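Here are some short exercises to work through with the structure open beside you. Try each task before you read its solution.

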Amino acid sequence: MKVLITGGAGFVPSSLADALLTNEEVEVVLVDNFLTGRKENIPVHAKARFIKCDVNNYNEIAPIVTAFRFDYIFHYAAVVGVKRTLDNPVMVLNDIQGIKNILTWQKVLG
Ligand SMILES: NC(=O)c1ccc[n+]([C@@H]2O[C@H](COP(=O)([O-])OP(=O)(O)OC[C@H]3O[C@@H](n4cnc5c(N)ncnc54)[C@H](O)[C@@H]3O)[C@@H](O)[C@H]2O)c1
C-alpha cells in the first residue's frame with residue numbers, strides 16, 4: 001500500500017508516518033516545502049521516501065501523484081499557527097490551491 005503524506009516534515013504528519021511505517025505493507029512518501037517543518041522529523045526508514053515539494057504548486061505535486069499512484073493521501077501541508085496565519089492571510093488562501101491539487105488528482109487517478 002502506497003501512502004502520500006503532505007507536510008511530512010511537520011509534527012503531526014511525521015508522527016503519522018512513524019505509526020504507518022510499523023505496518024510492513026505500507027510504503028510512505030512524504031512531501032514538504034519546509035515552511036515550518038524540520039528535516040529531523042522525517043522518518044529514516046527503508047520504506048519511507050522524502051521529496052521536497054510545494055503542494056500548492058500544481059507543477060510540483062502533479063508528477064509525484066502521477067508517478068506513485070497512491071492508495072491513500074493524508075493532506076496536512078498548511079500554514080499553521082495563529083500568529084503566522086494572521087500575519088500572512090494571503091498565504092493561507094494559497095493553501096486552498098493545495099487542497100484543490102490533491103482532490104483533483106485523487107479524482108483523476110480514481
Ligand atoms: N498540532 C495541532 O494541534 C493541530 C490541530 C488541528 C489541526 N492540525 C493540522 O495538522 C496539520 C499539521 O500541523 P502540525 O501542528 O504538525 O504543524 P507543522 O507546522 O509541524 O506541520 C505542517 C507542515 O506542512 C508543511 N507545509 C506547509 N505548507 C506547505 C506546502 N505548501 N507544501 C508542502 N508542505 C507544506 C510545513 O513545512 C510543515 O512541515 C496542519 O494542517 C494543521 O492545521 C494540527
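**Exercise 1. Two residues with positive phi**

Task: Find where Phe34 sits along the chain, and decide whether Phe34 is buried or exposed.

Solution. Keep in mind that this is a predicted model.
- Step 1: Phe34 belongs to the loop that links β2 and β3.
- Step 2: The backbone here has a phi near 65 degrees, a positive value in a residue other than glycine.
- Step 3: A residue is exposed if 12 or fewer other C-beta atoms lie within 10 Å of its own. Phe34 has 11 such neighbours, so it counts as exposed.

Now repeat the steps for Arg69: in which loop is it found?
- Step 1: The loop between α2 and β4 holds Arg69.
- Step 2: Arg69 is not a glycine, yet its phi is positive, at about 50 degrees.
- Step 3: Arg69 is exposed because 10 other C-beta atoms lie within 10 Å.

**Exercise 2. Laying out the sheet**

Task: Work out the order of the strands in the open sheet, and say which are the edge strands.

Solution.
- Step 1: The four strands run in the order β3-β2-β1-β4, and their pairing is parallel.
- Step 2: β3 (48-52) and β4 (72-75) are the edge strands, each pairing on one side only.
- Step 3: From one strand to the next, the twist averages 20 degrees.
- Step 4: Follow the pairing of β2. Five bridges join β2 to β3, and five bridges join β1 to β2.
- Step 5: Use Val28 as a marker across the sheet. Val28 stands opposite Ala48 in β3, while Val3 stands opposite Val28 in β2.

**Exercise 3. Helices on the sheet**

Task: Which strands does α1 lie across, and which does α2 touch?

Solution.
- Step 1: α1 lies across β1 (2-6), β2, β3 and β4, at about 165 degrees to β1.
- Step 2: α2, residues 58-68, packs on the sheet and touches β1, β2 and β3. The direction of α2 also makes about 165 degrees with that of β1.

**Exercise 4. A strand covered on both faces**

Task: Decide whether β2 is enclosed or open to the outside, then look closely at Val31.

Solution.
- Step 1: Six of the six residues of β2 are buried, so the strand is largely enclosed by the rest of the structure.
- Step 2: Check each face. Glu27, Val29 and Val31 are buried on one side, and Val28, Leu30 and Asp32 are buried on the other.
- Step 3: Zoom in on Val31, a residue of β2. The cut-off for a buried residue is 20 or more other C-beta atoms within 10 Å. Val31 has 24 C-beta neighbours inside 10 Å, so it counts as buried.
- Step 4: Leaving out residues up to four places away in sequence, Val31 touches Leu4, Thr6, Gly8, Ile51, Cys53, Val55 and Ile64.
- Step 5: Val31 and Ala77 are 46 residues apart in sequence, but their C-alpha atoms are 8.5 Å apart.

For contrast, try Leu103, which lies in helix α4 (residues 89-109). Leu103 has 12 C-beta neighbours inside 10 Å and therefore counts as exposed. Its C-alpha is 23 Å from that of Thr36, and 67 residues separate the two in sequence.

**Exercise 5. The nonpolar core**

Task: Which residues of the largest nonpolar core touch the most other members?

Solution.
- Step 1: In soluble globular proteins, nonpolar side chains tend to be buried together.
- Step 2: The largest core here has 19 residues, and those touching the most other members are Val3, Leu4, Ile5, Ala17, Val28, Leu30 and Val31.
- Step 3: β1, α1, β2 and α2 each contribute at least two residues to this core. The largest share, four residues, comes from β2.
- Step 4: Take Leu4 as a case. Apart from neighbours within four places in sequence, Leu4 contacts Val29, Val31, Val65, Phe68, Phe70 and Ile73.

**Exercise 6. Around the ligand**

Task: How many residues surround the ligand, and what classes do they belong to?

Solution.
- Step 1: The ligand is surrounded by 23 residues, and the closest are Gly7, Gly10, Val12, Gly37 and Ala77.
- Step 2: Sorted by class, there are 13 nonpolar, eight polar and two charged residues in the shell.
- Step 3: α1 (11-20) and β2 (27-32) each supply at least two residues of the shell. α1 gives the most, with three residues.

Terms used:
Residues numbered from 1 in each chain as written. Predicted model: local features only at pLDDT ≥ 70, side-chain atom pairs only at ≥ 80, totals over all residues. Near = placed C-beta within 6 Å. Nonpolar A, V, L, I, M, F, W, Y, C, P; charged D, E, K, R; others polar. Pairing = 2+ DSSP bridges. Axes fitted to C-alpha atoms, helices over the stretch in contact; angles between N-to-C directions. Contact = placed C-beta atoms within 7 Å. Core = buried A, V, L, I, M, F, W, Y, C linked by C-beta atoms within 7 Å.
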